[in-house]
Amino acid sequence: MLGNFSYCNPTRLYFGEGAIENLNAELPKYGKNVVLIYGGGSIKKNGIYDKVVEILAKNGKNVAEISGVMPNPTIEKVYEGLEIARKHKADLLLAVGGGSVCDYAKAIAVSVHCDEDPWDKYFLRFEEPTCEIVPVGCVLTMVGTGSEMNAGSVITNRASKLKIGHVFTDAAVMPRFSVLDPTYTFTLPHYQMVAGIYDIFNHICEQYFSGEDDNTSDYIAEGLMRSVVHSSRIANKDMRNYEARSNIMWTATWALNTLIACGKSTDWMVHMLGQAVGAYTDATHGMTLAAVSLPYYRHILPYGLPKFKRFAVNVWGVDAAGKTDEQVAQEGLAAMESWMKELGLAMNISELGATEEMVEGLADATLTMKGGYKVLGRDEIVAIFRESL
Ligand code: NZQ
Ligand code: ZN
């Protein structure tokens, strides 16, 4: 483990069926004014909204609402929500939804008391908050992003066709608490469930495929990957299998709550490619990652061959006997590909609405990361998008 790091995760988690009751212990810690933030209405159909509102009322909270937070939340929606949060003098932002709602709440949290434009400050200049941060709490209903226990916030600017994530270093941006009830995810459509599963898997890959040292984080990563593959196969056939869904929920949190990044340089190039696709098509996040992953990993495989071989053997159980390293590594990616197809993931960007005419623009919208096995040139990015069509 050669890298230096600092580790702090202040988010308190309440996990398991009925975990929502713990809101009764959390709410008294904050002031009276709560802004309840949610998406397009799934929580009204499945009863989660009623339960949360009931607990807020029981705790005597004065509640304002920001509703209609869309998947891939936009900066325009942030501006709209800021007015509500400021007017209401928010003491707590309670996000009830998936990664989009949690990310959105964090963007509001760092902007309520800030005079500068949040898009410029946080998503173009990547600055840290210089103002008071409003506490965020989450009730998670969609699993994948890890937003429930990290300081990431991904916001889309439709006008400039940019989707940018900022992982804040200030731990005060992390949710103070998150409620994780696996049964809350039972109403997710299959498409969203598998997109979330691939998001989890790819978060682990992004951190795993970097560095060459003997690193504890990589051993944890392999265990998490095996767990998510195992449980995904069960959940894919039986979406109401509590054991599988709860394991998936827990794995998602650990895949991106900064633990397995410890001591790692980390890659994140699949996310940069996927986010460009998201900015152009508004497609589901996990599907954008699935659609670009194999062309990307096949492209960088020669530069990180020992790690791709290890991935094949330790995650996919490939038998290395009598084979070249290259053959073993390729078999690992082939096993990953067949698992992805089994789940029904998007395997190319065309099915997400991307076209050949968009490729140059997609390349322009792709940020280049430097922590993986190969720093991509623009021509390589273009080639990967063409391969992904
Ligand atoms: O809006 P509603 O009606 O609630 O419907 C949502 C939405 O359409 C629906 N849904 C959520 N829970 C449900 C449900 N439908 C039925 N039953 C339920 N229990 O699912 C749809 C997708 O929700 P969304 O929150 O958009 O999904 P996800 O959790 O995948 O979040 C995606 C966003 O997170 C960002 C992505 O880029 C994207 O903008 N990410 C955030 C990260 C972070 N904070 O660290 C890292 C990730 O890599 C990712 O980039
Ligand atoms: Zn992701």
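The accessible surface of the protein amounts to about 15100 Å², and 52% of it belongs to carbon and sulfur atoms; such areas are obtained by the Shrake-Rupley method with a 1.4 Å probe, and for residues only the protein chains shown count as cover. This is a predicted model, in which local features need pLDDT of at least 70, side-chain atom pairs count only at pLDDT 80 or more, and totals for chains, interfaces and linings use all residues. Residues are numbered from 1 along each chain as its sequence is written, chains are lettered from A and ligands numbered from 1 in the order in which they are written, and side-chain values use heavy atoms, with hydrogens and water left out.

Of the 389 residues, 58% count as buried, that is, under 20% relative accessible area with a 1.4 Å probe, protein chains only. The C-alpha atoms fill a box of roughly 70 × 40 × 40 Å along the principal axes. The protein contains 15 helices and eight strands, assigned as DSSP runs (helices H or I, at least four residues; strands E, at least two) and numbered from the N terminus.

The zinc ion (ligand 2) has as its protein donors Asp199 (OD), His203 (NE2), His271 (NE2) and His285 (NE2), at 2.0 to 2.1 Å. Donors are N, O and S atoms within 2.8 Å of the metal (3.2 Å for Na, K and Ca); water is not among the atoms, so sites may look incomplete. Along the chain, the zinc donors follow the spacing D-x3-H-x67-H-x13-H. Asp199 and His203 both belong to helix H7 (residues 190-208), where they stand four residues apart, about one turn of the helix. Both Asp199 and His203 are buried.

Technical notes:
Buried means under 20% relative accessible area, exposed over 50%, partly exposed in between (1.4 Å probe, protein chains only).
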